[in-house]
Amino acid sequence: MRVYGLIGLAVVLIAWAAVSARAARFSVTVPVALLLAGLLLAGGDDAPVHLDVASSGVQQLLQLALALILFTDATEISLRRLRSAGHLPLRLLLIGFPLTVLAGQLAGTALFPQVGVWVIALVAAALTATDASLATELVRHERIPPDLRTAVTVESGLNDGLAAPLVVFFAAAAAAVGTPRTPGAVLGHTVVELVLALGVGLAVGAGGGGLLRWARGRDWSAARAERLAYLAIGVLAFEAAHVLHGNGIVAAFVAGLTVRAVDRDLPEQRLQTSHDVVALLSAGVWFAFGSLIPHSLADLGDWRVLLYAVLSLTVVRMLPVALSLVGLRRRPREVWLLSWLGPRGLPSVIFALIGVQQLTGAAAQLVVSLIMATVLLSVLAHGLSAIPIAERWSSPPPNP
């Protein structure tokens, strides 16, 4: 992002803060506001704000943003929270997640039979990651049963970390088509990257998290310094993995899980700086995403692209979730709610912008178009439906 882009983003954020409370009454969320701002101010060749999304600096920033998002989400997933939601999160992650990737692959292959299998797989994996922040009002609403809210939050916090290695492999495999590299060679290289990321994430998370827990227990550390330190753990895992030629995004995710594992009673306040930095980086990503909309308007008019977006938010998501909940005796409306609460947002956008750098031509354009159409539809559908669904939700009578 060039200097002009930073100035434009800063102005937008200040303006948004001035009207944010009033806008919330009309279900206008941060992603909606920043996306529209990016479209109006930075979309098109003659836009007043200039962005260079393809630059190496922006690509590095995108990867760091996703790494810190995954790190922060992972640190919030405690064993206590998992137990409070029962079997729901595990069902969604272990059964619903792979079935959703498979369903997305089948839908994409049926609609775009001429497109390579790895390109469609990249889109399917990128769109399996969910973003509960797009339906914050619904996820946090007191009328929604606590175990459902916890299940959605846990799923959203972990499935993008599960999607990351798949996206890495599928993008590399798609880029290798037409080159001497075989899928086996791509898989081997990806496995090495992931093993290095796992080692770095475990080492940095255990070392940093353990040290801070030890210091806090002896009153050696100050809260303000700890808030910066936890952010630094995520950055260190990301950069150290890159230096060792591992995957920095996965390393940050593993580091977050490890921090929570070694410090189960980590105070939420210690992660506030990480949350604030993630919010700022996320705003920049939504702003950049909005600037890309004019370049994909022609593809958004393709009925197959729009149909895939609709299927991705409905059948591709809802059927696997419903299958994953078989045997749990949940009420039909609860199954429907969990199925609907699969917004596609920031992780999918970053996966698209990162993955597309490895592709060229029509393949790259199709990836951007499919993910853009799905995310745009999700931002509107989930953002606008959150409050009405929550307000109409009433507690059911107890089971006899």
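This briefing covers the nonpolar cores, one helix pair and one buried loop residue. The model is predicted. Its largest nonpolar core holds 106 residues, of which Trp286 and Ile350 touch the most other members. Helix H8, residues 146–176, gives the most to this core, with twelve residues.

**Nonpolar cores**
- Beyond the residues up to four places away in sequence, Trp286 touches Pro31, Leu34, Leu35, Asp131, Leu134, Gly345, Leu346, Val349, Val375 and Val379.
- A second core, separate from the largest one, has 21 residues, including Val139, Ile144, Leu337 and Trp393.

**Helices H5 and H8**
- The axes of H5 (residues 88–111) and H8 come within 9 Å and cross at roughly 45°.
- H5 is therefore oblique to H8.
- The crossing of H5 with H8 is right-handed.
- On the H5 side, the contact is made by Leu88, Pro89, Leu92, Leu93, Phe97 and Val101.
- On the H8 side, the residues met are Asp147, Leu148, Ala151, Val154, Glu155, Leu158, Asn159, Leu162, Ala163 and Leu166.
- By type, the residues of this H5–H8 contact are 13 nonpolar, one polar and two charged.

**Thr128**
- Thr128 sits in the loop between helix H6 (117–126) and helix H7 (136–139).
- Thr128 has a relative accessible area of 4%, and counts as buried because that value is under 20%.
- Apart from neighbours within four places in sequence, Thr128 is in contact with Phe97, Thr100, Val101, Asn159 and Arg344.
- Among these partners, Phe97 and Val101 in H5 and Asn159 in H8 also belong to the contact of H5 with H8.

Notes: Residues are numbered from 1 along each chain as its sequence is written. This is a predicted model: local features need pLDDT of at least 70, side-chain atom pairs count only at pLDDT 80 or more; totals for chains, interfaces and linings use all residues. Side-chain values use heavy atoms; hydrogens and water are left out. A nonpolar core is a set of buried Ala, Val, Leu, Ile, Met, Phe, Trp, Tyr and Cys residues joined through side-chain atoms within 4.5 Å. Buried means under 20% relative accessible area, exposed over 50%, partly exposed in between (1.4 Å probe, protein chains only). Helices (H or I, at least four residues) and strands (E, at least two) are DSSP runs, numbered from the N terminus. Contact means heavy atoms within 4.5 Å. Axes are lines fitted to C-alpha atoms, for helices over the stretch in contact, and angles run from 0 to 180 degrees between N-to-C directions. Angles under 35 degrees count as roughly parallel, over 145 as roughly antiparallel, 65 to 115 as roughly perpendicular and the rest as oblique. A crossing is left-handed if the near helix is turned anticlockwise from the far one by less than a right angle, and right-handed if clockwise. Ala, Val, Leu, Ile, Met, Phe, Trp, Tyr, Cys and Pro count as nonpolar, Asp, Glu, Lys and Arg as charged, and the others, Gly among them, as polar.
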